[in-house]
Amino acid sequence: MPNYIIGPPLRSFPLNESYMFMKKKYVVLNYAPGEEKKDITNGPNRIIDGFPMLDNTIFENGIDCALDIKHNKAFIFSGNQCAKIKYAPNSTDSRLLSGPIPIAAMFP
């Protein structure tokens, strides 16, 4: 059985939901703290299907890590590259704010 590595989650808009990335795909997981039942509410989907602004970037091949900031913005990382995004599930308001650029250039 192959080993799969799932990167750290990215918080989603609805309470108790997060994006979980693995290779070129992601799922949205309702992790329901204190409850026994956990559900995948969306996916698995290709990254570019949920984040079309990442098409033709390094991130379409996978997101190693995502760091949620405020107002539905996040830093995403893949290899030595970083980008700042605005994400808005089920909306056309998602966009690439800066990057992809080397992590050292984003965070000198």
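## A sheet, two cysteines and some unusual backbone spots

Lys23 sits in the loop between strand S2 (17-22) and strand S3 (25-30). Strands here (E, at least two residues) and helices (H or I, at least four residues) are DSSP runs, numbered from the N terminus.

Before we go on, keep in mind that this is a predicted model: local features need pLDDT of at least 70, side-chain atom pairs count only at pLDDT 80 or more, and totals for chains, interfaces and linings use all residues. Residues are numbered from 1 along each chain as its sequence is written, and side-chain values use heavy atoms, with hydrogens and water left out.

Back to Lys23. Its phi is positive, about 55 degrees, although it is not a glycine. Most residues other than glycine have a negative phi, and most peptide bonds are trans. Lys23 also counts as exposed because its relative accessibility is 57%. The cut-offs are simple: buried is under 20% relative accessible area, exposed is over 50%, and partly exposed is in between (1.4 Å probe, protein chains only).

Asn56 tells a similar story. This residue lies in the loop between helix H1 (47-50) and S5, has a positive phi of about 65 degrees without being a glycine, and is exposed at 67% relative accessibility.

Now for the peptide bonds. Gly43 and Pro44 are joined by a cis bond, with omega about 5 degrees, and Pro44 is in strand S4 (residues 39-46). Another cis bond joins Gly99 and Pro100, with omega about 0 degrees; Pro100 belongs to strand S8.

**The open sheet**

How are the strands of the open sheet ordered? There are 4 of them, in the order S5-S6-S7-S8, and the pairing is antiparallel. S5 (65-68) and S8 are the edge strands, each with a single partner, so one side of each has no neighbour in the sheet. From one strand to the next, the twist averages 15 degrees (axes are lines fitted to C-alpha atoms, for helices over the stretch in contact, and angles run from 0 to 180 degrees between N-to-C directions). Two strands pair if DSSP finds at least two bridges between them. Here are the pairs:

| Strand pair | Bridges | A bridge partnership |
|---|---|---|
| S5 and S6 | 4 bridges | Ala66 with Ile76 |
| S6 and S7 | 6 bridges | Phe77 with Cys82 |
| S7 and S8 | 5 bridges | Cys82 with Ile101 |

The hairpin of S6 and S7 has 2 residues between its strands, and Gly79 there takes a positive phi near 60 degrees. Strand S7 (residues 81-86) is largely enclosed by the rest of the structure, because 5 of its 6 residues are buried.

Next door in S6 is Ser78, which is buried with a relative accessible area of 8%. Leaving aside residues up to four places away in sequence, Ser78 touches Ile58, Phe59, Gly62 and Asp64, where a contact means heavy atoms within 4.5 Å.

**Two cysteines apart**

How many disulfides does a search of the whole structure find? The count is 0, taking a disulfide as a pair of cysteine sulfur atoms within 2.5 Å. Cys65 is in none, and the nearest cysteine sulfur, that of Cys82, is 9.5 Å away. Why is there no bond from Cys82? Because the closest cysteine sulfur, in Cys65, is 9.5 Å away, which is too far. Their surroundings can be compared too: Cys82 is buried, with a relative accessible area of 0%, while Cys65 is partly exposed at 29% relative accessibility.
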